[in-house]
Amino acid sequence: MSRLTDLPAWEQLQQHYETIKDVHMRELFAQDQTRFERFSKTFNEILFDFSKNRIDQHSLDLLLQLAEQSDVTGWREKMFAGEPINHTEGRAVQHTALRSPCAQPIYADGVRIDLEIKQELARVKALAERVRTRQWLGHSNQPITDVVNIGIGGSHLGPLMVTEALRPYSIHDLHIHYVSNIDENHINNSLESLNPDTTLIIIASKSFTTQDTMVNAQTAKSWLMKKLKSELDLPKHLVAVTSNAEAAVQFGIARENIFKMWDWVGGRYSLWSAIGLSIVISIGSENFDALLAGAHDVDEHFKSAPLAENIPVIMALLGVWYNNFFGSESIAVLPYDQNMHRFPAYLQQADMESNGKSCDRDGKDVDYTTGPILFGEIGIASQHAFYQLLHQGTKLVPADMLAPIANFHCIATHHRALMSNVFAQAEALMNGKTAEEVHAELTRQGMSESEIDMLLPYKVFPGNRPTNTFLFYTLNPRTLGSLIAFYEHKIFVQGVIWNLDSFDQWGVELGKVLATNILNEINIGKEVSNHDCSTNGLINYYLKRKPKSESNGS
């Protein structure tokens, strides 16, 4: 047994699960007409409705006891105090400091960081303003029209997600492009219609050694050099965000064009930093400040609200309830706002890279399930794709639905139809449709008993599928910042309960090391025999059939 499964609340939850596992949410709603009021919370312009979950008040009370017994409050205090809670790397976790407007000093690992944060943010805003006002000129004295952000992981997904989500707030004749895939098609497709004279390249890499990013960066630099007169013109077209300034200088980036990253910011939590340079260029400093403010609002809520009123804590506990007691292996994130189409992919990395681990903080294998498989897509499109499984499949998939009450450009016929789907899908997943209801419906349609008997099983929906619904007034920068921060803190709380270090990612390293070794073998081009027979076979098959003449990308 592990520390977690020995906790009194864990044992009580196991017993409680046996009493509630077969209870249908229809019964829970029939028994309690105040269920919505009791199981929903409001925060600024955001409503969090968790009433459509397979819980009663006793369930929630026990889950809150689990949070207390797991010392969620203690770990929360350590994080905000700047203690090195990322213990495998000996680092503090201070992404919340990036969005703090407080005049009080903020420390990470005993070093004051707030002044440097403000200084770096001012530099980011200054560069962004020059690009946005067409004062930043390329080597041919033409203003920048296109910005290409080259990164991977958090250096890509965070800025991409926010830029897409806040499209209505961007300058529409200033185009932001994102490149992450080492497959040459990605960068070639991105650059083919651009003019080097009017393009600014941002290389976003904390280490400035990540293979995917640096291969793309070299291709972009070569593309620029075809048009530039000399490398002396590169500062007009190349900037970097990194913690490895010397490597960036060696690459050819001017020191004044290098923005700082810190060890106490994980890549998947870094959009609030200079990694968000492309965001600031897109939406402007004022809107970026609003994004930071929305996240800071949630930081203050998470830091001070009692656990029973704390939205990220409740989100986390519901996830633990389904993951560890109902055996649910996944969660769906379903935005009903087209501009949030990259939100599930962003959360996929944030959640699965943080808590997709089987080794706890004590270096021991866990004996319980940890991070879920997170997937999702725009809600309307999903209804015609994988909602079939959500409604009638054999797997229990809890889902989060997120929807705006009003869009930036709100066309009533569109938006009312959109919102009707949000409410209908959540109700259908909860209620389902019984055999009796199906029989009555088909009878009203004039079907015979034999026809009904044949069709009835296929039209029964079991229901009892849990959903959380976030309703917010509109997807503005402040609201988006809050939504992101809700999920960040939810992930942290679940990591605390599962006794994980949510801020390292050693599982990413092995593939990187092996890829480097195999790349050397591919470059040599000789038949290999030092791997397993499958890997040897694949590499040798490739070597025999790869093109005899390959472009070097220059």
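This presentation describes a parallel sheet, the helices packed on it, the nonpolar cores, a covered strand, a helix pair and one loop residue.

Good morning, colleagues. Please bear in mind throughout that the model is predicted.

I begin with the sheet. Five strands form an open sheet with parallel pairing, in the order S6-S5-S7-S8-S9. Strand S6, residues 175–179, and strand S9, residues 258–260, stand at the edges with a single partner strand each, so one side of each has no neighbour in the sheet. From one strand to the next, the twist averages 20°.

Within this sheet, strand S7, residues 199–204, runs parallel to strand S8, residues 238–242, and 4 bridges join the two. Which residue of S8 is the bridge partner of Ile 203? The partner is Ala 240.

Two helices pack on the sheet. Helix H6, residues 114–132, touches strand S5 (146–150) as well as S7, S8 and S9, and its direction makes about 145° with that of S9. Helix H8, residues 184–191, touches S5 and S6, and the direction of H8 makes about 165° with that of S6.

Let me turn to the interior. In general, nonpolar side chains of soluble globular proteins tend to be buried together. Here, the largest nonpolar core has 122 residues, of which Ile 281, Trp 321, Phe 343 and Leu 483 touch the most other members. Leaving aside residues up to four places away in sequence, Ile 281 touches Leu 127, Ala 128, Val 131, Arg 132, Val 147, Leu 174, Ile 176, Leu 200 and Ile 202. Apart from the core that holds Ile 281 lies another, of 23 residues, with Ala 220, Leu 224, Leu 228 and Ala 247 among them.

Next, I would draw your attention to strand S13, residues 467–472, where 6 of the 6 residues are buried. As a general point, side chains in a regular strand alternate between the two faces of the sheet. In S13 both faces are covered: Thr 467, Thr 469 and Leu 471 are buried on one side, and Asn 468, Phe 470 and Phe 472 are buried on the other.

What pairs with S13 in the parallel sense? Strand S12, residues 399–404, does so over 6 bridges, and the partner of Ala 399 in S13 is Thr 467. Strand S2, residues 46–49, runs antiparallel to S13 and is joined to it by 4 bridges; in that pairing, Phe 48 has Phe 470 as its bridge partner.

I come now to a helix pair. The axes of helix H14, residues 343–355, and helix H20, residues 477–497, come within 10 Å and cross at roughly 20°. That angle makes H14 roughly parallel to H20, and the crossing is right-handed. On the H14 side, the residues in contact are Phe 343, Tyr 346, Leu 347, Ala 350, Asp 351, Ser 354 and Asn 355. They meet Leu 483, Ile 484, Tyr 487, Glu 488, Lys 490, Ile 491, Gln 494 and Gly 495 in H20. Phe 343 and Leu 483 have thus appeared before, among the core residues that touch the most other members.

Finally, a single loop residue. Val 265 lies in the loop between S9 and helix H11, residues 277–283. Is Val 265 buried or exposed? Its relative accessibility is 0%, and Val 265 therefore counts as buried. Not counting residues up to four places away in sequence, Val 265 touches Leu 98, Lys 206 and Ser 270. Val 265 and Pro 159 are 106 residues apart in sequence, and their C-alpha atoms are 15 Å apart in space.

Thank you for your attention.

Terms used:
Residues are numbered from 1 along each chain as its sequence is written. This is a predicted model: local features need pLDDT of at least 70, side-chain atom pairs count only at pLDDT 80 or more; totals for chains, interfaces and linings use all residues. Side-chain values use heavy atoms; hydrogens and water are left out. Two strands pair if DSSP finds at least two bridges between them. Axes are lines fitted to C-alpha atoms, for helices over the stretch in contact, and angles run from 0 to 180 degrees between N-to-C directions. Contact means heavy atoms within 4.5 Å. A nonpolar core is a set of buried Ala, Val, Leu, Ile, Met, Phe, Trp, Tyr and Cys residues joined through side-chain atoms within 4.5 Å. Buried means under 20% relative accessible area, exposed over 50%, partly exposed in between (1.4 Å probe, protein chains only). Angles under 35 degrees count as roughly parallel, over 145 as roughly antiparallel, 65 to 115 as roughly perpendicular and the rest as oblique. A crossing is left-handed if the near helix is turned anticlockwise from the far one by less than a right angle, and right-handed if clockwise.
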